[in-house]
Amino acid sequence: MDILSKSTYNYNLPEELIAQFPVEPRDSSRLMVYHKDTKTIEHKIFKDIFDYLVAGDVLVVNNTKVIPARLYGVKVETNAKIEVLLLKRYNNTCWNVLIKPLKRVKIGTEIKFNEKLSCVITKIKEFGEAEIEFKFSGVFEEILNEIGTMPLPHYIRQECKDKSRYNTVYSKVDGSSAAPTAGLHFTNELLEKLKQKGVIVTEVLLHVGLGTFRPVSEDNILNHEMHTEHYEISKQSAEIINKAKQEGRRVIAVGTTSIRTLESAATKFGKITECSDDTNIFIYPGYKFKVVDGVITNFHLPESTLIMLVSAFIGIKETLNMYNLAVKEKYRFFSFGDATLLI
């Protein structure tokens, strides 16, 4: 088995198992529990996660908030339709974006979204990206909320009418182009119940960007160019996590974004520390985890960097066995799908 070959991380997924909508309530999705020590699997409901977390465990969540980042406009010169996906904000007016179709625009092209909002292309980049400068009258965030749509992945074919449903209940800091989807399963009631049990819930921040949309195209995964994402860890969270590690208590990351945040900080600074930084960490089999003892995550796309991360945590063979069983048991996959607990 070649750990560096993209095809190693492939599995057969029937299209009907790709979840098109979230379940209600949030914690009623299914949960596959994988025990690393015994390599055994249990089939549960997400709210049963309460039974697997103990007092003293530290649950690390990503408090980023998805903005209605997808805008539809027209090219002022020709009235051609253009789609703009906001990826990263540089300042009050300038953004890095994804444009479809990029071939219709050049530097200087003006795109109009409505009477209050337009933009000009200032730079053309690779992979469909560009830099733009917005012109607007009023409050930008209010205009965005009014006309922007939630940036659901391409495999979800219906619009998300309730914008809160593509955000976690603990989302706070605007800036993501996609949701940290493992966290979508938590309700406020479940989190409160866990806290009362003695589970410590602490927050980090990673703004989810372009990587969510970019597949691995290179056969040798080492040739894949990882996206860069911004992350932050507060002094309080750093102290909570470091104390848990010193005392031998478990640190359980909610989602691959929380994993990347924790492992990036530990790799760069030697331990979790208060920081504000960017990361393009690529975790694949052979990586030695420095902080994370348990993982809550969804089922990921074949040949994606995320399934490679899961394979690094529990093994390639074990991951593929788990995913093939999930297909057989008709679990729901991807962003609005079911969850896994890897402990």
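**Open and enclosed spaces in the model**

The largest cavity holds about 80 Å³ of space. In this predicted model, 13 residues line that cavity, and Pro 22, Arg 165, His 185, Phe 336 and Gly 337 are the closest to its centre. Sorted by class, the lining of the largest cavity contains 4 nonpolar, 6 polar and 3 charged residues.

How many cavities of 30 Å³ or more are there? The count comes to 2. The second largest cavity offers about 40 Å³ of space, and its lining is made up of Met 226, His 227, Arg 260, Ile 283, Thr 305, Leu 306 and Leu 309. Helix 5, which covers residues 305-314, gives the most to this lining, with 3 residues. The classes here divide into 4 nonpolar, 2 polar and 1 charged.

Next come the pockets, which are open. The largest pocket has a volume of about 760 Å³. A total of 35 residues line the largest pocket, and those nearest its centre are Leu 87, Lys 88, Arg 89, Trp 95 and Gly 175. Several elements each give two or more residues to this lining: the strands are strand 4 (64-66), strand 6 (81-89), strand 7 (94-100), strand 11 (173-176) and strand 13 (229-233), and they are joined in the list by helix 1 (140-147). Which element gives the most to the lining of the largest pocket? That is helix 1, with 4 residues. As for the chemistry of the wall, the lining of the largest pocket has 13 nonpolar, 10 polar and 12 charged residues.

Terms used
Residues are numbered from 1 along each chain as its sequence is written. This is a predicted model: local features need pLDDT of at least 70, side-chain atom pairs count only at pLDDT 80 or more; totals for chains, interfaces and linings use all residues. Side-chain values use heavy atoms; hydrogens and water are left out. On a 1 Å grid over the protein atoms alone, a cavity is a set of points where a 1.4 Å probe fits but cannot get out, and a pocket is an open set with protein on both sides within 12 Å along at least five of seven lines; lining residues have an atom within 4 Å of a point. Grid points are joined across faces, edges and corners, and a volume is the space filled by probe spheres set on the points. Ala, Val, Leu, Ile, Met, Phe, Trp, Tyr, Cys and Pro count as nonpolar, Asp, Glu, Lys and Arg as charged, and the others, Gly among them, as polar.
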